[in-house]
Amino acid sequence: MKDPSAPCPAGESGAAACPHAGAGFDHARRWDAAEAAAFSKRGDPGAPPLGLADACRMAWREAVRCIGRLHWRSLQVVDARSLEDADSVYDACIGHLRGATRDGRIVPMQTVFAPWRGPEGGIRIWNHQLLRYAGYRSPDGSVLGDPQNVDFTRLVRSLGWSPPAVPGSFDLLPLVIQAGGKLVVRELPREVVLEVRLAHPDYPWFEKLGLRWHAVPAISDMMLVTGDEVFPCAPFNGWYMGTEIGARNLGDAGRYNLLPEVAEKLGLDRVRDRLWKDRALLVINEAVLHSFERDGVKVVDHHQASREFLTHCDREHEAGREVQAEWSWIVPPVSASATGVFHRLYPLRPRLPNLLLQVEAWNTREGAGLLKRFANR
Ligand code: ARG
């Protein structure tokens, strides 16, 4: 494979001339807030601090794994920095979902809670996303629901959450919020969660598989690092690219693993049809795009997303910046070489502001303490 870290042939000058602080840091590891705060000193100490909305928009613009960055200027930012207790954080998350969903006309949005001030009293949302489906492991090792969330589901159960009387494949997990030295578990109100039932335009049986997905991808466990401050709780969302659901969430063997079942329904011979997985993938992805469109829920296909990303690269180049990107994340998981983003390389020297992975909340000292105090009561 191509070396994704090789410099972009068209943009060798950009990275070196980067005016941002901390250029080239390791974006792939999980940061600890204290460490990020120490590291997050901007290049030019005389520069006035960025406004919050600008910092958030720039962080999106610099997010090396995101193909959707053309739209960075449209990010709506909610300033929730003054909120302190878990109840108001919960309310703000609900407000975020309402504001972002808009009946399917998804609005890219970020809600920013108080900055990191020290090892105690920090605000964190423990969920990976505001909306996620539970995963239950049976004694025989099989999983009902989303295998990715099995450990987290076990954790929320230890905090007192009970699954529905009849557990299903798409049970929404409650929010787990850490604030003001407390840890609270709160169910999401049904009416703020828009979901799309999946059907296929040509295959009536598809609907009967009972598949669905939530309309809004809202990452809630990443850290916003502006260069002046660190925000361990700053959930954000865009809209989905169809393949995230149709190829990865539903298709991955370690996720819903639906390729064998769909191939079966399509009447494919899994021994002789060597491309049965490819056919099944295509059908699931058609169903996702079709169903989102049917319900008026914004979604982008990977071909359009690829074109938009290349437009973004051009615009950034004109603005004197070279887009930093992680090739293996930008290139779509299906039909890769049929998209333009496949056929070039990108420099990868991430810069601030940015959105970084952080140590899981329950693995921080404060989080581990809270878990002990609040679990199994
Ligand atoms: N891939 C993740 C998911 O399927 C979401 C990541 C963010 N995606 C986005 N379109 N903003 O849930």
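The following exchange goes through a predicted model, from its confidence to its core, ligand shell, sheets and unusual backbone angles.

Biologist: What is the mean pLDDT of the protein, and what share of its residues reach 70 or more?

Modeller: The model is predicted. Its mean pLDDT is 93, and the share of residues that reach 70 or more is 93%.

Biologist: Over which residues is the pLDDT below 50?

Modeller: The stretch in question has 32 contacts in the model beyond near neighbours in sequence. Its pLDDT is nevertheless below 50, and it covers residues 1-19.

Biologist: Which helix gives the most to the largest nonpolar core?

Modeller: The largest nonpolar core has 104 residues, and Val89, Phe113, Met223, Leu224 and Ile284 have the most contacts inside it. The helix that gives the most to this core spans residues 276-294 and supplies eight residues, and it is H9.

Biologist: Which residues are in contact with Met223, leaving aside its neighbours within four places in sequence?

Modeller: Met223 is among the residues with the most contacts inside the largest nonpolar core. Leaving aside neighbours within four places in sequence, its contacts are Trp31, Ala33, Ala36, Val230, Phe231, Pro232, Leu356 and Gln358.

Biologist: Is Leu83 buried or exposed?

Modeller: Leu83 is in the loop between strand S1 (76-79) and helix H4 (86-101). A residue is buried if 20 or more other C-beta atoms lie within 10 Å of its own. Leu83 has 20 C-beta neighbours inside 10 Å, so it counts as buried.

Biologist: What separates the C-alpha atoms of Leu83 and Phe113?

Modeller: Not counting residues up to four places away in sequence, Leu83 touches Ser88, Val89, Ala92, Phe113 and Ala114. Leu83 and Phe113 are 30 residues apart along the chain, and the separation of their C-alpha atoms is 6.8 Å.

Biologist: Which element gives the largest share of the shell around the ligand?

Modeller: The ligand is surrounded by Gly68, Gln129, Pro217, Ile219, Gly238, Tyr240, Met241, Glu244, Ile245 and Asn249. Two elements give two or more residues to this shell, namely strand S14 (240-241) and helix H7 (242-249). The largest share, three residues, comes from H7.

Biologist: How many residues of the shell around the ligand are charged?

Modeller: The shell includes Pro217, Gln129 and Glu244. It divides into five nonpolar residues and four polar ones, and the number of charged residues is one.

Biologist: Which strands stand at the edges of the sheet S3-S6-S7?

Modeller: This is an open sheet of three strands with antiparallel pairing. Strand S6 (residues 175-179) is joined to S7 by five bridges, and Ala179 stands opposite Lys182 in S7. Two strands have a single partner each, so one side of each is left without a neighbour in the sheet; they are S3 (124-125) and S7 (182-186).

Biologist: In the sheet S12-S11-S16, which residue in S12 stands opposite Leu224?

Modeller: The sheet is open, has three strands and pairs antiparallel. Its edge strands are S12 (230-231) and S16, each pairing on one side only. Strand S11 (residues 223-225) is joined to S12 by two bridges, and the residue opposite Leu224 is Phe231.

Biologist: Which residues are joined by a cis peptide bond?

Modeller: Most peptide bonds are trans. The cis bond has an omega of about -5°. Pro353, one of its partners, is found in the loop between helix H11 (327-330) and strand S16 (354-356). The bond joins Leu352 and Pro353.

Biologist: What is the phi of Asn257?

Modeller: Most residues other than glycine have a negative phi. Asn257 is found in the loop between H7 and helix H8 (259-265), and with 13 C-beta neighbours inside 10 Å it counts as partly exposed. Although Asn257 is not a glycine, its phi is positive, about 50°.

Biologist: Where does Ser335, with its positive phi, lie?

Modeller: Ser335 is not a glycine, yet has a positive phi of about 55°. It is partly exposed, with 19 other C-beta atoms within 10 Å. Its place is the loop between H11 and S16.

Biologist: What separates the C-alpha atoms of Pro260 and Lys277?

Modeller: Pro260 is in helix H8 and counts as partly exposed, with 14 C-beta neighbours inside 10 Å. Pro260 and Lys277 are 17 residues apart along the chain, and their C-alpha atoms are separated by 7.5 Å.

Note on methods. Residues numbered from 1 in each chain as written. Predicted model: local features only at pLDDT ≥ 70, side-chain atom pairs only at ≥ 80, totals over all residues. Core = buried A, V, L, I, M, F, W, Y, C linked by C-beta atoms within 7 Å. Buried ≥ 20, exposed ≤ 12 C-beta atoms within 10 Å, placed from the backbone. Helix = DSSP H or I, 4+ residues; strand = E, 2+ residues; numbered from the N terminus. Contact = placed C-beta atoms within 7 Å. Near = placed C-beta within 6 Å. Nonpolar A, V, L, I, M, F, W, Y, C, P; charged D, E, K, R; others polar. Pairing = 2+ DSSP bridges. pLDDT = per-residue confidence, 0-100.
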